[in-house]
Amino acid sequence: CFSIASFSFSLLYLSVSLLRLCPVFLSFILLFTSFSSSVPPSIFSSCSVPVPWRLCGGGLLTEAVAGKGFLLGCISCKRREEVSARATVDWHFKPLGEEEFRHIFHYDHPSAEILHEDFSKRLEWHGTRSGDIQTGAVYVHNVSVNDTGTYRCTFHRTLFLAMADEHVTVEKEVELSVVAVANRPLTAVISEIMMYVLIVVLQLWLIVVLVYCYKKISAEHEAREARKALKAQAALLESKDSCDGVQLE
């Protein structure tokens with residue numbers, strides 16, 4: 001029983017420790033799933049389409065926390081690395097409830113230019129730092145509620161082909177919602193539910209083990225006491241028989 005109880009306590013401690021890592025594993029699974037669904041197959045295999053570019057992913061719905069920073073991601077992948085190219089990136093912003101986009105940022109390596117006063121000193125280039133831009137990410141500092149809306153990333157790429165240069169334009173939109181407090185990620189909620197369920201199950205198991213051990217120890221104690229009583233009774237009878245034999249002599 002002591003071994004069973006020790007094993008149960010060890011199992012409870014190990015389960016709780018592993019469940020603390022659940023958000024990490026769940027986040028990795030969700031990240032890998034979303035990455036696999038958004039990245040074009042051409043990254044992992046040879047490209048059979050003659051056009052050497054592809055926009056990675058479609059429109060995104062993201063959430064930022066007011067007062068903190070946020071990274072607006074935008075990727076335009078070339079399908080053939082051997083094709084030399086040069087690109088510029090423009091970011092436009094359409095506030096929630098409005099119809100027109102505002103030109104807020106332009107990047108032409110190595111110069112970056114903030115074009116709207118509402119984003120003055122708040123935008124920072126986090127994309128590719130070369131002329132052949134494939135990542136057009138922009139970091140927004142000190143996000144406010146007024147930053148809620150639609151962001152459009154536009155790649156203007158010139159492909160230097162053997163026959164003639166080709167100009168390609170790629171666009172991607174990001175829907176940004178700004179909240180006062182960050183919502184808990186789904187992985188944290190799932191791991192917490194799993195932790196509580198497993199803790200309850202293991203506690204019930206420990207109660208069952210303790211009750212079983214208590215009954216078993218009690219039964220062994222009663223059997224031991226019964227054996228002691230029988231031995232004492234047998235010794236008493238043997239002593240009595242000895243005394244009777246002495247009197248007869």
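This is a tour of a predicted model, stop by stop, with a selection to make at each one.

**Whole chain**

Start with the full chain in cartoon view. The protein has 249 residues, and 29% of them are buried. Its secondary structure consists of three helices and 11 strands. Traced along the sequence, these elements come in the order α-α-β-β-β-β-β-β-β-β-β-β-β-α. Among contacts with a separation of 6 or more, 62% are between residues 24 or more positions apart. Switch to a surface view: the accessible surface is about 16300 Å², and carbon and sulfur atoms account for 63% of that.

**Helix α3**

Select residues 186-248, which form helix α3. Show the side chains of Val189, Ile193, Val197 and Val201. These four make a nonpolar surface patch of about 320 Å². Isoleucine 193, a member of the patch, can serve as the label, since its place in helix α3 is given by the range just selected.

Now select Arg224, Arg227, Lys228 and Lys231, which together form a patch of positive charge on the surface. Lysine 231 is also in helix α3. Is lysine 231 buried or exposed? Its relative accessible area is 63%, so lysine 231 counts as exposed, the cut-off being over 50%.

**Strand β9 and valine 140**

Go to residues 138-140, strand β9, and pick valine 140. Valine 140 is buried, at a relative accessible area of 2%. Add glycine 69 to the selection: the two C-alpha atoms are 5.5 Å apart, while the residues are separated by 71 positions in sequence. Which residues does valine 140 touch, apart from those up to four places away in sequence? They are Lys68, Gly69, Phe70, Leu72, Arg122, Leu123 and Asp147.

**Strand β10 and threonine 158**

Next select residues 149-159, strand β10, and centre on threonine 158. Threonine 158 has 18% relative accessibility and counts as buried, the cut-off being under 20%. Alanine 85 is 73 residues from threonine 158 in sequence, yet their C-alpha atoms are 5.5 Å apart. With neighbours within four places left out, the contacts of threonine 158 are Ser84, Ala85, Arg86, Asp165, Glu166 and His167.

**Salt bridges**

Side chains of opposite charge can pair when their charged atoms come close. How many salt bridges does the structure hold? There are six.

Stay on strand β10 and show arginine 152 with glutamate 171. They form a salt bridge in which the closest N and O atoms are 4.0 Å apart. Arginine 152 is in strand β10 and glutamate 171 in strand β11 (residues 166-179), so this pair ties together parts 19 residues apart in sequence. Add glutamate 173, which forms a salt bridge with arginine 152 as well, with the closest N and O atoms 3.0 Å apart. Glutamate 173 is likewise in strand β11, and this pair links parts of the chain 21 residues apart. Each of the three side chains is partly exposed: arginine 152 at 22%, glutamate 171 at 43% and glutamate 173 at 30% relative accessible area.

Then move to Glu98, Arg102 and Asp118, which are linked in a network of salt bridges. Within it, the side chains of glutamate 98 and arginine 102 meet at 3.1 Å, N to O. Glutamate 98 is partly exposed, with a relative accessible area of 36%. Arginine 102 is also partly exposed, at 24%.

**Backbone details in the loops**

Finish with the backbone in stick view. Select histidine 109 and proline 110, which are joined by a cis peptide bond with omega of about 5°. Proline 110 is in the loop between β6 (102-108) and β7 (111-114).

Continue to lysine 121, in the loop between β7 and β8 (123-125). Lysine 121 is not a glycine, but its phi is positive, at about 60°. Its side chain can be shown too: lysine 121 is exposed, with a relative accessible area of 78%.

The last stop is asparagine 142, in the loop between β9 and β10. Asparagine 142 has a positive phi of about 50°, again without being a glycine.

Notes: Residues numbered from 1 in each chain as written. Predicted model: local features only at pLDDT ≥ 70, side-chain atom pairs only at ≥ 80, totals over all residues. Heavy atoms only, no water. Patch = residues over 30% accessible without salt bridge, like charges linked within 9 Å, V, L, I, M, F, W, Y side chains within 5 Å. Areas by Shrake-Rupley, 256 points an atom, 1.4 Å probe, with all protein chains shown as cover. Helix = DSSP H or I, 4+ residues; strand = E, 2+ residues; numbered from the N terminus. Buried < 20%, exposed > 50% of the residue type's maximum accessible area, 1.4 Å probe, protein only. Contact = heavy atoms within 4.5 Å. Lys, Arg positive; Asp, Glu negative; His and termini not counted. Charge placed at Lys NZ, Arg CZ, Asp CG, Glu CD.
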